[in-house]
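Visitor: I would like to take a close look at a single strand and at what surrounds it. Could you take me through it slowly, explaining the terms as you go?

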Amino acid sequence: MNLVNYEISDRVAVLTVDNPPVNALSPGVPKGIVEGVAQANKDDDVVAIVLIGAGRGFIAGADIRFFSKPWPEAEESLSDVLKSFEDSPKPVVAAIHGHALGGGLELALSCHYRVIVSMAKVGQPEVKLGFPPGAGGTQRLPRLAGVEAALDMIVSGDPVMAERARDLGIVDQVIKTDLLEGAVAFAAEKGLSGIAHPLVRNLEVKLDDPDIFDRKRDQIKHRARGMRAPYACIECVEAAVAMSFEEGIVREREIFKNCVGTTESRAMRHVFFAERAAAKISGVDRDTPRRPLASAGVVGAGTMGVGITMNFANAGIPVTVVEQHTEALDHGIATIAKNYAATVSKGRLSQAEMDRRMGLITPSTRLEALEQADIIVEAVYEEMPAKKEVFARLDSIAKQGAILTSNTSYLNINEIADSIAGRKGTVLGTHFFSPANVMRLLEVVRTDTVDDDVLMSVLDLGRKMGKLPIVSGVCHGFIGNRMLEGYLGEATIMVEEGATPQQIDRVMYDFGMAMGPLAVADLAGLDIGWAKRKAAGGGQAAEKPGAFIANRLCELGRYGQKTGRGYYIYESGNRAPMPDPEIENLSRQAAEHFGVKQRTISDQEILERCMYPLVNIGTVILEEGFALRASDIDLVYLNGYGFPVWRGGPLHWAGTIGLDSVAEAVRRYSQQTGSDHWKPSALLEELAREGKTFEDWDGGKT
Ligand code: 3HC
């Protein structure tokens, strides 16, 4: 099959890249382009060349799969293509629709001219894969768009739309009519004009502000904590300013090559493919017809209900939010208005758009107001009887075929579905993460009885809301919270054994977590776990390691941030945790209570004892079939629990350590403590024995 087609139109050679789905520069594409350019230059009738993409976009960049395997030796490379353009006596015009990304934009930048349609975007997203652009993007873009705009684009990886690209000088013309026709006319005119055709490499780089690079480094220091690639991007653009074009290209190549091999880049490429894999559900046809979800209901206007309601409005879906009492309902609606107003004041939402979204929200105190809703999300408090009562009422109110979901974070949704047996096929879980209007993760909990079209419709809805939906089976705490119990549990046990909350949190923060586990516990509220332990009949005598200090703190009314004190002290109006000397005292009491000798715990032990339970329980979830694939588990932790993206998620990261050493440590801790979260996973043992990583295992499911 030809990946690049050659045709003549009005004395212009049209090279069409046809490599579905996104026209990546896979083997065969560079070769086809180089040959096409040569053929056009040999044909005396041809006056110019247009390069265009077939299908949904121009070119999405290098084929990312080839960063993990060798490029075929005999194949032309991207740099051969760039050279063929720049050496071409006949002008080459890139005609862009959809997207010109990464190597796709770099290729366009080495053409003599670029034209674009208004809905297309161009960008250098390489930093999101853990490396800077490697085919001249960091040298050519500053020459065209200026240093500041180029630096912003390359360091953020975010694309710009066509009109902005034209204003920045990245493209020459926005074509409002048919792209191919417009591009051919443009190219023919240039080809016949007899002028010398411009090359970006010959432009000067102008730098007005010499502090721009240091300022950028300072600007990204929180977002890019622990990462190499964003800084590598800055170095490359600095080279564009400090060096000649030729030297800059060599420098860029060198930095690019160093970055491609890092664990950071491998992790980020893993995440790229993981996100695409997550949309595929084994055993369910991708093309299963979806149910129309044109109207929604949310039951409960508490913290979660409010965030979920906003998600519907953000997605343009009219939503009725129901709360029993007028006061609570008014408070919920006021919170929504306040949240939107804050976004407006930051300039990230227009007042008109806020008004439009508020207009999509209807408050009501009557559940009957949901009778016409296509989907209803229950977000009442986390108790099975309360949830079942809501579902029983919805059973008599909701129209036939309406999808009913629960926002439970732990409870058995199969039991809820069974409780309204006639609607089993339309009941499932949608576990949003707080704040629900902000957090990207959405666990879609697949009951044993949910219909495939219902599942697929809810996954689509999640994406429409801007979420990353991950399918989980029904188990206690689903994927994320089930794993969290081991992570938080081990952190609190270590406080009893003599580590301070500050030490534990520092180790995990330095590892790259957004927050340490004890600061997270304070943020979430210690009273939630306390209530659960009390409900499960756990009096002081039945206290398990890890619960002692939290129980005492709660008995003292110290629930964490919301009461100004938990594992840390919080000054009013300040969320920065301050060490609390009383924790040491409580920790000694805990050690006495459990007969543990307190000791100095090393940073390495803290890291292992926090992280390895995540890996071990994650693997159990995988072997029990509650997650479809290991990479889904990684995505849950990356998008819901502050795990650093450049480590690729807990299971990918475990592979970089070596599953044999992780399994050995799990066995060792299991012998020392006997806690449930250390019970070695059979699958972890198996992979470790066979010298494999999770990437080698698909469980026969994907
Ligand atoms: N290489 C290989 N496969 C790619 C790819 C690429 N550059 N871009 C997308 N794909 C694959 C996806 O894995 C997916 O495969 P699947 O169907 O088997 O799961 C398929 O193409 C469709 O992708 P999406 O689901 O993401 O499609 P969308 O329509 O939602 O998005 C897109 C299209 C905006 C182009 C998006 O795919 C994207 O952002 N791609 C990556 C762009 C990128 O990062 N380019 C830089 C590459 S590195 C580079 O060029 C280095 C250079 O500087 C030397």
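Guide: Let us begin with the two faces of strand β15, which are both covered: Val 427, Gly 429 and His 431 on one side, and Leu 428, Thr 430 and Phe 432 on the other, are all buried. Buried here means under 20% relative accessible area, whereas exposed means over 50% and partly exposed lies in between, with a 1.4 Å probe and only the protein chains counted. Strands are DSSP runs of E with at least two residues, helices are runs of H or I with at least four residues, and both are numbered from the N terminus. Because 6 of the 6 residues of β15 (residues 427-432) are buried, this strand is largely enclosed by the rest of the structure.

Before we go on, please keep in mind that this is a predicted model, in which local features need pLDDT of at least 70, side-chain atom pairs count only at pLDDT 80 or more, and totals for chains, interfaces and linings use all residues. Residues are numbered from 1 along each chain as its sequence is written, and side-chain values use heavy atoms, with hydrogens and water left out.

Now to the partners of the strand. Strands of a sheet pair through backbone hydrogen bonds, either parallel or antiparallel. Two strands are said to pair if DSSP finds at least two bridges between them. Strand β14 (residues 403-406) pairs with β15 in the parallel sense, over 3 bridges, and Leu 404 is the residue that stands opposite Val 427 in β15. With strand β16 (residues 441-445), by contrast, β15 runs antiparallel, and 4 bridges join these two; here His 431, which we met among the buried residues, has Glu 443 in β16 as its bridge partner.

The connection from β14 to β15 also deserves a look, since β14, helix α16 (residues 413-419) and β15 make a right-handed β-α-β unit. Right-handed means that, with the strands pointing away from the viewer, the path from the first strand over the helix to the second runs clockwise.

For another example of pairing, you can turn to the open sheet that 3 strands form in the order β5-β7-β8, where the pairing is mixed. In that sheet β5 and β8 (160-161) stand at the edges, each with a single partner strand, so one side of each is left without a neighbour in the sheet. Strand β7 (residues 121-123) and β8 run antiparallel and are joined by 2 bridges, and Val 122 has Val 160 in β8 as its bridge partner.
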